[in-house]
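I am opening a fresh page in the notebook for this one. Please keep the sequence and the model at hand while reading along.

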Amino acid sequence: MKLWREVATVARLDFAEVLRSRWLVFSLVVHAVLATMFVLVGLRESGVVGFTGMGRALMSWSHALLFLLPLLALSATAQVVNQARDDGSLELLLANPISRTGYFLGTSLVRAIALCAPLLVTMPLAALVGAAAFGQDVPWDFLLRGIGVSTALLLCFTAFGLCISVLVRNQQKALVLTILAWVAGIALIDFALVGVMLQWELPPSAVFALAVLNPVQCARLALLSAAQPELSTFGPVGFFLANKVGSTGLLLLGLGWPLLLGLTAWTWSLGSFRRRDLV
Amino acid sequence: MRIELKGLKKRFGKVEALRDVSLELPTGSRTALIGPNGSGKSTIVRVLLGALGADGEISCDGTVVGEDRGEFARRTAYVPQVAPRFAAPVQAVVRAVAASRGIAPAAVEAIARDLFVDVDALRQRPFRALSGGQRQKMLAALALASGAELMVFDEPTASMDPRSRAAFFAAVERLPAATTVLLCSHRLEEIRRLVDRVVVLEEGVVKWRGETTDWLDAHAEAVVEVRAEGDVAAAWLAARGFARGIGGWWNRALPVAERAGLLRDLGRELNGQVHDVMARDVERLDPARRPESEIP
């Protein structure tokens, strides 16, 4: 069987799994609730950090998503392969003419779509509904930037989750690792940076380099630079970023670095999945 | 399909699961792998199916099975002992496996019906919501419909009811004569009905191999139960080693080879005094009665 057929076969089955487990519905509801909350509340408030109305609502929402999306992605993927290994479905499927590559590609594809679809649907929809309801213009530039950066972050953590599910056989350990990975991504946004700056008085370029290793921080900078191009809230680092990297550079970094990290993690996972014992 | 396993070695940490196991499964042969838990039966099956890597060589019709197992997988079907717990509906699972093999889902459903699965009622139910027996029957139907040349069964009827078990045995008997069957089982009924050769594994080593009838003679014993009335019958049964049970039943365990003679004597000597007779085979647990050749 050709690889694309294997992928389609696995994807159809995995999509039925995702639908039946109601995970997709849960994800949609979370996005819808967040969208409603931020758009409705945000449009009634005054401007902050240079954004007003719809722009501010989308800014707040995107920012909240930076914290939520990694957790959603990790929780949806960190038990995919190890669970299939435990419950025997992997053994059965791969006893049929389905290659390991076909299985991993199909599963990855479905999980990525299931995670990205609610975001790609609710974000523009909420912006359009909010604009129609409150008579405000939709800041398309920021909306597209928010969608792009959020999707890149989502794909990155989807790959991290799949990597955990391949490398950690025990599902409970995978869950613990998931939480640790999420906490690390979130905590290192500010605490670690401030700590490093205070402790070693590093030059701004070094702090920046350390900061953007974290894909969540990378995405955050890409979003913030749209709202506040001078990035004054970051002090000397912000000044460095605004003058040396620029808003476009930060956007490219916010899109590229998480995607690169995700692709690396995914490729490594695939290699490991192909080589290791399945049961 | 002729399968050869040469010098298979597999280690899990400090445990040697397979120690230089070599087996040959000629085309059309029907072989049971038996042995206690942890003897290496499942490991052999998983190595054969590619789920586990191992040292050694597997060849199919004289060609070594390498990294690309696509063609080998197409010619092989597997019924696992533990049915997977897909959340997807039965229909989706059937479609996926059927699509991977290029067969029509209707062919799978037809065999499932032969195994007494109410396919129409179950089609939309999550696979994991089926009973153990229903899941096992669906997996058996998927394998039997595949047209594979090598069928690997791991305790395939463990969760089936007697009627479905009989239907499964009949379905296996209808397979083309060239179909090679490899069975992992502890169940005498499966061994008796499905295979003609037995390979005994212990601690990852092949301890014995031979004809099913030889193995059954050495390892199975018959239990004959008789419900009879009257002092003459009681005396006759007691004299022939029967023990008195409840409800007028008497029972005795004896070598399988002696069963037919005993039943013949029963009919002749106690004609009119016997109300009921049952005979079944059970695995002999007494290791002292195992053949010398099998004792390490």
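What does the domain assignment of chain B give? I looked this up first and noted domain 1 (3-203) and domain 2 (220-289). I should add that I am working with a predicted model. The C-alpha centres of domain 1 and domain 2 of chain B lie 37 Å apart.

**Entry: chain A overall**

I went through chain A next and found 12 helices and zero strands. Read along the sequence, my note for chain A is simply α-α-α-α-α-α-α-α-α-α-α-α. I checked burial too: 49% of the 279 residues of chain A count as buried. For contacts in chain A between residues at least 6 apart in sequence, I wrote down that 80% join residues at least 24 apart.

**Entry: a helix pair in chain A**

I wanted to see how two of these helices pack. Helix α7 (residues 140-167) of chain A meets helix α11 (residues 215-227) of chain A at an angle of about 180 degrees, and their axes are 10 Å apart. An angle over 145 degrees counts as roughly antiparallel, and α7(A) and α11(A) are therefore roughly antiparallel to each other.

Which residues make the contact? From α7(A) I listed F142(A), R145(A), G146(A), V149(A), A152(A), L153(A) and C156(A). From α11(A) I listed P215(A), V216(A), A219(A), A222(A), L223(A) and A226(A). Sorted by type, the residues of this contact come to 11 nonpolar, one polar and one charged.

**Entry: where chain A touches chain B**

How many residues of chain A are in contact with chain B? I have 22 residues of chain A in contact with 27 residues of chain B. On the chain A side, the elements that give two or more residues are α1 (3-20) and α5 (89-94) of chain A. With six residues, α1(A) gives the most to that side. The residues of the chain A side divide into 10 nonpolar, six polar and six charged.

I picked R12(A) for a look, as a residue of helix α1 of chain A. Leaving out residues up to four places away in sequence, R12(A) touches A92(B) and A96(B). Is R12(A) buried or partly exposed? I noted 17 other C-beta atoms within 10 Å, so R12(A) is partly exposed. I also paired R12(A) with N82(A): they are 70 residues apart in sequence and 20 Å apart in space, C-alpha to C-alpha.

**Entry: an enclosed helix in chain B**

Over in chain B, I stopped at helix α1 (residues 41-49) of chain B. Nine of the nine residues of α1(B) are buried, so this helix is largely enclosed by the rest of the structure. Those buried residues are K41(B), S42(B), T43(B), I44(B), V45(B), R46(B), V47(B), L48(B) and L49(B). After α1(B) comes G50(B), and I noted its positive phi, near 90 degrees.

**Entry: an enclosed strand in chain B**

Why is strand β8 (residues 180-184) of chain B described as largely enclosed by the rest of the structure? Five of the five residues of β8(B) are buried, so that description follows. I checked both faces: T180(B), L182(B) and C184(B) are buried on one side, and V181(B) and L183(B) are buried on the other.

Then I looked up the partners of β8(B). Strand β3 (residues 30-34) of chain B joins β8(B) by four bridges and runs parallel to it; A32(B) has L183(B) as its bridge partner. Strand β7 (residues 150-154) of chain B also pairs with β8(B) in the parallel sense, over five bridges. There, M151(B) has V181(B) as its bridge partner.

**Entry: antiparallel pairings in chain B**

I traced an open sheet of four strands, in the order β2-β1-β4-β5 (chain B), with antiparallel pairing. Its edge strands are β2 (15-25) and β5 (63-64) of chain B, each pairing on one side only. Strand β4 (residues 55-60) of chain B and β5(B) are joined by two bridges, and C60(B) has T63(B) as its bridge partner.

My last stop was strand β13 (residues 249-255) of chain B. Seven bridges join it to strand β11 (residues 220-228) of chain B, and the two run antiparallel; A222(B) is bridged to L254(B). Strand β12 (residues 243-244) of chain B also runs antiparallel to β13(B), with two bridges, and R244(B) has W250(B) as its partner. The hairpin of β12(B) and β13(B) has four residues between the strands, and G247(B) takes a positive phi near 70 degrees there.

Methods. Residues numbered from 1 in each chain as written. Chains lettered and ligands numbered in written order. Predicted model: local features only at pLDDT ≥ 70, side-chain atom pairs only at ≥ 80, totals over all residues. Axes fitted to C-alpha atoms, helices over the stretch in contact; angles between N-to-C directions. Parallel < 35°, antiparallel > 145°, perpendicular 65-115°, else oblique. Contact = placed C-beta atoms within 7 Å. Nonpolar A, V, L, I, M, F, W, Y, C, P; charged D, E, K, R; others polar. Domains from an automatic or database assignment. Buried ≥ 20, exposed ≤ 12 C-beta atoms within 10 Å, placed from the backbone. Pairing = 2+ DSSP bridges.
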